[in-house]
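Reader: I am new to this structure. Please take me closely through one part of it, the place where two chains meet, and then set that part in its surroundings.

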Amino acid sequence: MTTSRMVAAAAAVALCAAPVLARADVPVRVRVVKGSRQTPPRFDPRLSDLKKQLSRLSYSQWEQVKEQDLTMSPGKTEFVELPGGEHVGLTVVDVRGDTVTFEVAMATRNTQSRLTIDKNQRIVHQVSPEKGGVAYFMSARAWP
Amino acid sequence: MEADDLALVARARSGDDEAFRALVVRYQRKVYAVALGIVKDADSAWDVAQEAFVRVHEHLGDFKGESAFSTWVFRIATHLGIDAVRRERVALKDDVDEVREADLGDAGEGILGTGLGSDPQAATLRRELLGKIQGALETLPEKHRTILVLREIEGLSYEELAERLGIHKGTVMSRLFHARKKMQAALREYAEIAPQDGRDDGDESE
Amino acid sequence: MTDCVRYAPMIDARAGELSPEERAGLEAHLAGCAGCRARAAAQRVVAGLLSEALLAQANRRDFGPFVDGVMARIERRRAPRGVLARLRAAVVHHPRITFGAALAPVLAALAILVYVRTTHDEVARVLELNSEGVDMVVQTSDGPLVLMGAEDDPEGT
């Protein structure tokens, strides 16, 4: 292949593969959180910013099991692995000013949730059905 | 009214949207009120009420007219409302339905002592309580809110309540007893009436 | 005092809801029990109040948009539109298409979307209450809390 063709081919690949160029990437903090019912009460201090949301539920013990800081490009799905080996797909669908729209997808549960929050909020999304008194949740927050 | 409803249902079934809309408008507020009693939150109640009518629309073909149309939509709204708060977690010590000796307590714990004699006093008290009763309801657990709301707004009999909630008539009665007792206690706090002292003769010298 | 355990729950009964024996027993008990008479009196004070209060709430609210909202929801269920519906159609008709690894798990089977919009200023709206998998969305000022149904939940009502 000649150089010019390679350049052209590379450009073509770049144009096809590139996401919408105008949008800025969003830093996102993702956490996987475990709620347990049949255990002594304990609240992981790392989860204090989620307390308001988590305290609506009746799990006695809350524990952070994973934390990941991602830089997410709108439209590109990131996969978060859960303790059971399953994956949850997280996508930034839209960013407007201070608000971001996430999509949380779980193939095994046939679910896609599209949620819009602002920079002071967090999504808490259950990602496993409760089993043996234990359930997992995923939280996502933009611009942590 | 009921025959009217059936006529509208028949028309709605054959695709007459105006007839369906008429049914919605006829019952929307009452369905909302029942939902509000169960889910507590005004916006959730709105969603539950709307969803109930959507379900009705989806199943118009199944409605056989064996019960009243209103019963049908209330039944759906009840179940949706209960579903919506299924995860409401209020840690209660006394969650059983049966009535036991200990539940009777002091009858003077009710909203009245024995002293509320005159009608004007009762009327005043009623007006005051009207403003508090919704708040008092919200402090009750879902199963007690639901049975009170169905009894009072939809006016269901013991038998109908048993059928709606899937419980025995005896359980209906004792659950209502607990619900009313909790309601009285919550109202008592609001109205700040002392439990043992039913007298309200204004005599401070005692 | 065990009579009260039996009769106190009957105080609430309306005409025809008690058997003649129960009714007679209740009357006799009330004649001799000041406590239960007090319960009955307290119940009379609040009789109908709950209904009055909740219906008053309903009357205060503007129900103008309600029926339109119902019809809109019905419409939305009839015709799923948008990218996902088309994607679903694509998967059904072209099972051999393998998308990039980034998309494969997401496309396993598409379900009804739950749209929740929540900001500090706007009232949150849940557009679909019972989509497959997602059971409930709880709104808090800190953000949404999305819950799943239990593993073996029977469908709906």
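Author: What follows starts with one helix pair and then widens to the chains around it.

This is a predicted model, in which local features need pLDDT of at least 70, side-chain atom pairs count only at pLDDT 80 or more, and totals for chains, interfaces and linings use all residues. Residues are numbered from 1 along each chain as its sequence is written, while chains are lettered from A and ligands numbered from 1 in the order in which they are written.

Start with the pair. Two packed helices are described by the angle between their axes and the distance between the axes. Here the helices are α2 (residues 17-39) of chain B and α5 (residues 66-78) of chain C. Helices (H or I, at least four residues) and strands (E, at least two) are DSSP runs, numbered from the N terminus. The two axes come within 9 Å and cross at roughly 130°. Axes are lines fitted to C-alpha atoms, for helices over the stretch in contact, and angles run from 0 to 180 degrees between N-to-C directions. That angle makes α2(B) oblique to α5(C). Angles under 35 degrees count as roughly parallel, over 145 as roughly antiparallel, 65 to 115 as roughly perpendicular, and the rest as oblique. The crossing of α2(B) and α5(C) is right-handed: the near helix is turned clockwise from the far one by less than a right angle, whereas anticlockwise would be left-handed.

Now the residues. α2(B) brings Arg21(B), Val24(B), Val25(B) and Gln28(B), and α5(C) brings Phe66(C), Val67(C) and Val70(C). Two residues are in contact if their C-beta atoms, placed from the backbone, lie within 7 Å. By class, this contact has five nonpolar, one polar and one charged residues. Ala, Val, Leu, Ile, Met, Phe, Trp, Tyr, Cys and Pro count as nonpolar, Asp, Glu, Lys and Arg as charged, and the others, Gly among them, as polar.

Step back to the whole interface. In it, 52 residues of chain B are in contact with 43 residues of chain C. Several helices of chain B each supply at least two residues to this side, including α3 (42-58), α4 (69-84) and α9 (169-191). α2(B) gives the most, with nine residues. The side of chain B that touches chain C divides into 29 nonpolar, 12 polar and 11 charged residues.

Take one residue of chain B. Val54(B) sits in helix α3 of chain B. Val54(B) counts as buried because it has 22 C-beta neighbours inside 10 Å. The cut-offs are 20 or more other C-beta atoms within 10 Å for buried, 12 or fewer for exposed, and partly exposed in between, with C-beta atoms placed from the backbone. Beyond its neighbours within four places in sequence, Val54(B) is in contact with Val70(C), Arg73(C) and Ile74(C). Val70(C) also belongs to the contact of α5(C) with α2(B).

Last, chain C itself. It has six helices and four strands. From the N terminus, the helices come before the strands: α-α-α-α-α-α-β-β-β-β. Of its 157 residues, 26% count as buried. Helix α2 (residues 20-32) of chain C is hardly covered, with one buried residue among its 13. This helix reaches 19 Å from its first C-alpha to its last, close to the 18 Å expected. The expected span is 1.5 Å times one less than the number of residues.
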